[in-house]
Amino acid sequence: EAAQFTFAGWLEPASHVGGDTFDYSVDRDVLHVSMTDAMGQGVEAAQLATLVVGSLRNSRRARARLAEQARRANDAMTAYAGEHQFVTGILLRADLRSGRAVVVNAGHPRPYRMRAGEVSLVDLRADFPFGVNAGTRYHEQELQLEPGDRLVVVTDGLLERNQAPGHLDVAAALEATAGLHAREVVHAFTASVLAAAEAQLDDDAAILCIDWHGGA
């Protein structure tokens, strides 16, 4: 939590090895966030996730642009992962002074944004997931964050529970939790997922929530 933003995340089931991850770091003027989802389950999925997150961290610390971070992660996957293995991801870098964000979408579900009480999917082009196609060119897309915005990113383990009646609807859940703190939002989402799945998840589910306050 900082003057410009509040960040919260949750992974379920946290006690099991899986392929969902979220990661963040804060520089003097920049917030860096990533969410990734490796195909499959168990140790194999965790190895793919570790490969991508390690690559992203290394290139971020080398001050590479976001598209270059994605390219290097894709190179790592295509060089070392097996056939039909891939990882989806959302990478975001937000300027804490201006609210200007740059986003790369590597085949991941689009983020949800609540602004002035209305929920919408953020319009982002989806490039190939990491590991699908060697030499993929990743596109940096701009996203302007406004004070009061709430940005939510999820993995498909949570979205798959939208399909049956009575299961979690992300947009409706965002509206219902509008008055909650970001920490309470991620708890409420995961509680709803567990209730819908009767505490037996076929796939891990992750959510991160960013409340943007603005200011310098």
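User: How do the residues lining the second largest pocket divide into nonpolar, polar and charged?

Analyst: Happy to start there, and please keep in mind that this is a predicted model. The lining of that pocket divides into two nonpolar, three polar and six charged residues. Its members are S25, D27, V30, H32, R60, R61, R63, A64, R65, Q69 and R93. Asp and Arg count as charged, so D27, R60, R61, R63, R65 and R93 go into the charged class. V30 and A64 are the nonpolar ones, because Val and Ala belong to that class.

User: Which elements give two or more residues to the lining of the second largest pocket, and what is its volume?

Analyst: Those elements are β3 (30-38) and α1 (42-61). The pocket has a volume of about 220 Å³.

User: What makes the second largest cavity a cavity rather than a pocket?

Analyst: The term cavity is used because a 1.4 Å probe fits inside but cannot get out, whereas a pocket is open. The second largest cavity has a volume of about 40 Å³, and the structure holds two cavities of 30 Å³ or more.

User: Which residues line the second largest cavity, and how do they divide by class?

Analyst: V33, S34, M35, I90, L92, L151, V153, L208 and I210 line it. Eight are nonpolar, one is polar and none is charged. Val, Met, Ile and Leu count as nonpolar while Ser does not, so S34 is the polar one. The largest share of this lining, three residues, comes from β3.

User: And what lines the largest cavity?

Analyst: The largest cavity, with a volume of about 70 Å³, is lined by H32, V33, S34, L56, R60, L66, Q69, L91 and L92. Here β3 gives the most, with three residues. The classes are five nonpolar, three polar and one charged. Arg counts as charged, so R60 is the charged residue.

User: Why is the pair of F130 and Y138 called tilted?

Analyst: The ring centres lie 5.6 Å apart, and pairing needs centres within 6.5 Å, so these two rings pair. Their planes stand at 50°. Stacked would need an angle under 30 degrees and edge-to-face one over 60, so the pair is tilted.

User: How do you know whether F130 and Y138 are buried or exposed?

Analyst: Buried means under 20% relative accessible area. F130 has 0% and Y138 has 5%, so both count as buried.

User: How many aromatic pairs are there, and which residues form a cluster?

Analyst: A search of the whole structure finds three aromatic pairs. Ring pairs link F7, F22 and Y24 into a cluster.

Definitions and conventions. Residues are numbered from 1 along each chain as its sequence is written. This is a predicted model: local features need pLDDT of at least 70, side-chain atom pairs count only at pLDDT 80 or more; totals for chains, interfaces and linings use all residues. Side-chain values use heavy atoms; hydrogens and water are left out. Rings of Phe, Tyr and Trp (its six-membered ring) pair if their centres lie within 6.5 Å; planes under 30 degrees apart count as stacked, over 60 as edge-to-face and the rest as tilted. Buried means under 20% relative accessible area, exposed over 50%, partly exposed in between (1.4 Å probe, protein chains only). On a 1 Å grid over the protein atoms alone, a cavity is a set of points where a 1.4 Å probe fits but cannot get out, and a pocket is an open set with protein on both sides within 12 Å along at least five of seven lines; lining residues have an atom within 4 Å of a point. Grid points are joined across faces, edges and corners, and a volume is the space filled by probe spheres set on the points. Helices (H or I, at least four residues) and strands (E, at least two) are DSSP runs, numbered from the N terminus.
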